[in-house]
Amino acid sequence: MAAPEERDLTQEQTEKLLQFQDLTGIESMDQCRHTLEQHNWNIEAAVQDRLNEQEGVPSVFNPPPSRPLQVNTADHRIYSYVVSRPQPRASYFAAGDILSPPFHKGLLGWGYYLIMLPFRFTYYTILDIFRFALRFIRPDPRSRVTDPVGDIVSFMHIFEEKYGRTHPVFYQGTYSQALNDAKRELRFLLVYLHGDDHQDSDDFCRNTLCSPDVISLINNRMLFWACSTNKPEGYRVSQALRENTYPFLAMIMLKDRRMTVVGRLEGLIQPDDLINQLTFIMDANQTYLVSERLEREERNQTQVLRQQQDEAYLASLRADQEKERKKQEERERKRQKEEEVQQQKMAEERRRRNLQEEKERKSECLPPEPSPDDPESVKIIFKLPNDSRVERRFHFTQSLTVIHDFLFSLKESPEKFQIEANFPRRVLPCLPSEEWPNPPTLQEAGLSQTEVLFVQDLTDD
């Protein structure tokens, strides 16, 4: 059973729908069908338009809201080529002789002309006034362009049904988009306005436009845009180009920085004549495209040079900023280092001040020195790390902590030290420890009445 979005489709359309989905990767089947319907089930055109959208080129069904290019149609150097159609011999009753005197007739013709002239003049004057008033009452529906791309696709479909698929490659977009592409790509744009009701349109399309030589020339050297003047988009272009008869061709190109009509071909032109005329127009105006290409290359080179200069300036600026950043980081490192040094100095100063205050406090807390006559006194000679000697007396009953406090209070004593006895060699436990929570007295430590103790500096440790 077919999916809901595939209903009412022919087998060929279903195959194109699935193929288009595989080529584009669009998951929504409704979107795929809508896109193919917009392109009249032309899968090549639909895929190309999808690829253009992915590359950033606006879709022909979603034109950018920019002001259309203005085409210069008043260039005095425009080349015009008109193929006159042989007129059949008509009587003075024909429309072309309504107000013209019948020079080819005799007296009877002149008489009839003079009698009918007032009536004809009045009739056609009233008819023109009526047509003019009708424009305001009932505007031409072709003046409202609502679906320009739909007009192009519809004309292509009708053209292929009537004349076959062997024809020049039609530009599948609006007239404004064709002008923009021709300007951007610096190519000639050939515009064909098709008059459905003109007697020469069928012969021109079948024998001239579909000629292999004409197809080869158009496909290789220019863009080709075509539409019927019965369509609003074609009618709008017709109002701008002001053709006189059909078939009508206009060659447009970028000239003096404006999109300009450089050639007009009107009437039933044969294939060889059309090729010669188109070639002549292109050869005569090729220098303008060459000049524009050179100007664009110069502008591009100038832009590239300016971009390179900007990049070099930005690189230099980034290098200067990097240098300044490194200098700033170096200054910051120096500042931090100076702060650290200053903090270390301040910390050392505080430490020394605290140490001195601690020495003074220890000195003040020392018990008085016993007299030499005191039998319980011990004379101790201390050898300091700087080879100086200090002598003092202590009681046998005093703790070894007193000895340590005395040495600590001395100015020349190290900050950290231990006291060693020589016979036997040992370290006196002057400070509380796990082994000696309460340091022993001098007597308990085995000191005699006269002792020599050595002060070992432990500051480095």
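# Exercises on a predicted model

Glutamate 12 and lysine 16 are both part of helix 1 (residues 11–24), where they sit four residues apart, about one turn of the helix. The model is predicted: local features need pLDDT of at least 70, side-chain atom pairs count only at pLDDT 80 or more, and totals for chains, interfaces and linings use all residues. Residues are numbered from 1 along each chain as its sequence is written, and side-chain values use heavy atoms, with hydrogens and water left out. Helices (H or I, at least four residues) and strands (E, at least two) are DSSP runs, numbered from the N terminus.

## Exercise 1: a salt bridge within one helix

Decide whether glutamate 12 is buried or exposed, and find the N to O distance of its salt bridge with lysine 16.

**Solution.**

1. Buried means under 20% relative accessible area, exposed means over 50%, and partly exposed lies in between (1.4 Å probe, protein chains only).
2. Glutamate 12 has a relative accessible area of 52%, so it is exposed.
3. Lysine 16 has 22%, and therefore counts as partly exposed.
4. A salt bridge needs a side-chain nitrogen of Lys or Arg within 4 Å of a carboxyl oxygen of Asp or Glu.
5. The side chains of glutamate 12 and lysine 16 meet at 3.6 Å, N to O, in a salt bridge.

## Exercise 2: salt bridges of helix 10

Find which residue forms a salt bridge with glutamate 295, and which residue does so with glutamate 348.

**Solution.**

1. Over the whole structure, the search gives 27 salt bridges.
2. In one of them, the side chain of glutamate 295 meets that of arginine 257 at 3.5 Å, N to O.
3. This pair links distant parts of the chain, 38 residues apart: glutamate 295 is in helix 10 (residues 271–365), while arginine 257 is in the loop between strand 5 and strand 6 (258–266).
4. Glutamate 295, at 29% relative accessibility, is partly exposed, whereas arginine 257, at 58%, is exposed.
5. The partner of glutamate 348 is arginine 351, with the closest N and O atoms 2.4 Å apart.
6. Glutamate 348 and arginine 351 are three residues apart in helix 10, so about one helical turn separates them.
7. Glutamate 348 is partly exposed at 28%, and arginine 351 is partly exposed at 31%.
8. Arg257, Glu292, Glu295, Arg296 and Arg299 are joined into one network by salt bridges that share partners.

## Exercise 3: the nonpolar cores

State how many residues the largest nonpolar core has, and which strand gives the most to it.

**Solution.**

1. A nonpolar core is a set of buried Ala, Val, Leu, Ile, Met, Phe, Trp, Tyr and Cys residues joined through side-chain atoms within 4.5 Å.
2. The largest such core has 54 residues, and Val191 and Trp225 have the most contacts inside it.
3. Strand 5 (residues 248–255) gives the most to this core, namely seven residues.
4. A second, separate core has 26 residues, including Phe394, Ile403, Phe408 and Phe417.
5. As background, nonpolar side chains tend to be buried together in soluble globular proteins.

## Exercise 4: the partners of strand 7

Describe how strand 7 pairs with strand 8 and with strand 11, and name the bridge partners of lysine 379 in strand 8 and in strand 11.

**Solution.**

1. Strand 7 (residues 377–383) is mostly covered, with five of its seven residues buried.
2. Two strands pair if DSSP finds at least two bridges between them.
3. Strand 7 pairs with strand 8 (residues 389–395) in the antiparallel sense, over seven bridges.
4. The two strands form a hairpin with five residues between them, and aspartate 387 in the turn has a positive phi of about 70°.
5. Strand 7 and strand 11 (residues 450–457) run parallel and are joined by five bridges.
6. Lysine 379 has arginine 393 as its bridge partner in strand 8 and threonine 450 as its bridge partner in strand 11.

## Exercise 5: cysteines

Find how many disulfides the structure has, and which cysteine sulfur is nearest to that of cysteine 210.

**Solution.**

1. A disulfide is a pair of cysteine sulfur atoms within 2.5 Å.
2. The search of the whole structure finds zero disulfides.
3. For cysteine 210, the nearest cysteine sulfur is that of cysteine 205, 6.8 Å away.
4. Cysteine 210 is buried at 13% relative accessibility, and cysteine 227 is buried at 0%.
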